[in-house]
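User: I am new to this structure and would like a close look at one part of it: the charged side chains and how they pair or gather. Could you walk me through that, and then show me a few other spots worth a visit?

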Amino acid sequence: MSETTEASIASFDLSTSNLSYETLEQLRSLAIKAQNKANVRVLVVSLNVESKDPSDMGPWPSRVEHRQVRGKHGPGPIVEQDLIKALRGVHKPTLAVIRENLCDFALDVAAACDVRIATESAKIVDSRVSHGQTASSGISYLLPRLIGLSQAMRISLLGETLSAQEAHLIQFIHHVVADATADQEIASWIERLSRMPTRAWEVHKLQVLPQLDQSFESAMVHSLGIRQTHAIKDRIEGINAWRERREPRFTGQ
């Protein structure tokens, strides 16, 4: 597990056989920093997680110690939910890179990101319900909205293992990269996202995510309010680049 911030890219490598509260807190902190730092243009989360044993995640974070419910059913997914909310709160581009295994709560992390790519050998499974556990950290909201109710219920309830190609077919994965050229293709995706008009991306996310739970008329009013209160300086560069028949040079402002 490692965290890096280089120029316009914030990245977190989450490769582990079992998640810990400490790891989740580190990723949450990075997500908040990425949102608040003006120079960060994209957040990349690399995922290779085999399992999550809810009884072996290390000490409970002191930040939420006062919210820990003690009992036979174990602690609630407060730390996990806080991470998902932090990822959803990053209005800049967020990219989930699935290297080999995407299991259980790591699925929630990937679902909270804007774009998901996977290596061709990656395997995806949600075994929580099939193991008698609950999936209460965001996936019950996110997955049906991403791939539809039928496929979401199939993944969550049956605990089937999906290949990267199958996940792409049901549109959970946006792009599958060959194992042999994975590093180059992933780097290309990161470069592509970091060079985009990320301020316009942010304004669009500010519309789309809240409007998932609004009526059409409410969404129209909401979009107008967002448009009137969020200036996009890159709009001028986009128009000039189109007029001059050249590639735009966006700054993310």
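Analyst: Here is a walk through the charged side chains, followed by a few other places along the chain. Please keep in mind that this is a predicted model.

Let us begin with the pairs. Side chains of opposite charge can pair when their charged atoms come close. In this structure there are 12 salt bridges, and a few of them make good stops.

One of them joins Glu 202 to Arg 199, with 3.2 Å between the closest N and O atoms. Both residues belong to helix H8, which covers residues 198–211, and they sit 3 residues apart, about one turn of the helix. Are Glu 202 and Arg 199 buried or exposed? Both Glu 202 and Arg 199 are buried.

Another bridge links the side chains of Glu 160 and Arg 154, at 2.8 Å from N to O. Here the setting is partly open: Glu 160 is partly exposed because its relative accessibility is 31%, and Arg 154 is partly exposed too, at 26%.

Next comes the bridge between Arg 246 and Glu 244, whose closest N and O atoms lie 2.5 Å apart. Arg 246 has a relative accessible area of 23%, so it is partly exposed. Glu 244 is also partly exposed, with a value of 49%.

Salt bridges can also join up into a network, and this model has one made of Glu 25, Arg 63, Asp 82 and Lys 85.

Charges also gather on the surface. Glu 50, Glu 100, Glu 120 and Asp 179 form a negative surface patch. To find Glu 50, look in the loop that runs between strand E3 (42–49) and helix H2 (78–88).

The surface has a nonpolar patch as well. Val 129, Leu 149, Met 153, Leu 157 and Leu 158 make up this patch of about 460 Å². Leu 149 is part of helix H5, residues 149–158, and it counts as exposed because its relative accessible area is 57%.

Now for two loop residues with an unusual label to look up: the backbone angle phi. Asp 104 has a positive phi, near 55°, and is not a glycine. This residue is in the loop between strand E4 (94–103) and helix H3 (105–111), and it is buried, since its relative accessibility is 4%. Gln 171 is another residue other than glycine with a positive phi, about 70°. Its loop lies between helix H6 (164–169) and strand E8 (175–177). Gln 171 is exposed because its relative accessible area reaches 59%.

Two helix residues round off the tour. Ser 194 is in helix H7, residues 182–194, and a relative accessibility of 6% is why it counts as buried. A polar atom of the Ser 194 side chain lies 2.9 Å from the backbone oxygen of Glu 191. Thr 23, in helix H1 (residues 21–36), is buried as well, because its relative accessibility is 3%. Between the C-alpha atoms of Thr 23 and Gly 58 there are 9.8 Å, while the two residues are 35 residues apart along the chain.

To return to your request, the charged side chains appear here as pairs such as Glu 202 with Arg 199, as a network that includes Glu 25 and Lys 85, and as a negative surface patch that includes Glu 50.

Note on methods:
Residues are numbered from 1 along each chain as its sequence is written. This is a predicted model: local features need pLDDT of at least 70, side-chain atom pairs count only at pLDDT 80 or more; totals for chains, interfaces and linings use all residues. Side-chain values use heavy atoms; hydrogens and water are left out. Patches are made of residues with over 30% relative accessible area and no salt bridge: like charges are joined within 9 Å, nonpolar side chains (Val, Leu, Ile, Met, Phe, Trp, Tyr) within 5 Å. Accessible areas come from the Shrake-Rupley method with a 1.4 Å probe; for residues, only the protein chains shown count as cover. A salt bridge is a side-chain nitrogen of Lys or Arg within 4 Å of a carboxyl oxygen of Asp or Glu. Lys and Arg count as positive and Asp and Glu as negative; His and the chain ends are not counted. The place of a charge is taken as NZ of Lys, CZ of Arg, CG of Asp or CD of Glu. Buried means under 20% relative accessible area, exposed over 50%, partly exposed in between (1.4 Å probe, protein chains only). A polar contact is a pair of N or O atoms within 3.5 Å; within protein, one must be able to donate a hydrogen and the other to accept it, and residues adjacent in sequence count only if both atoms are side-chain atoms.
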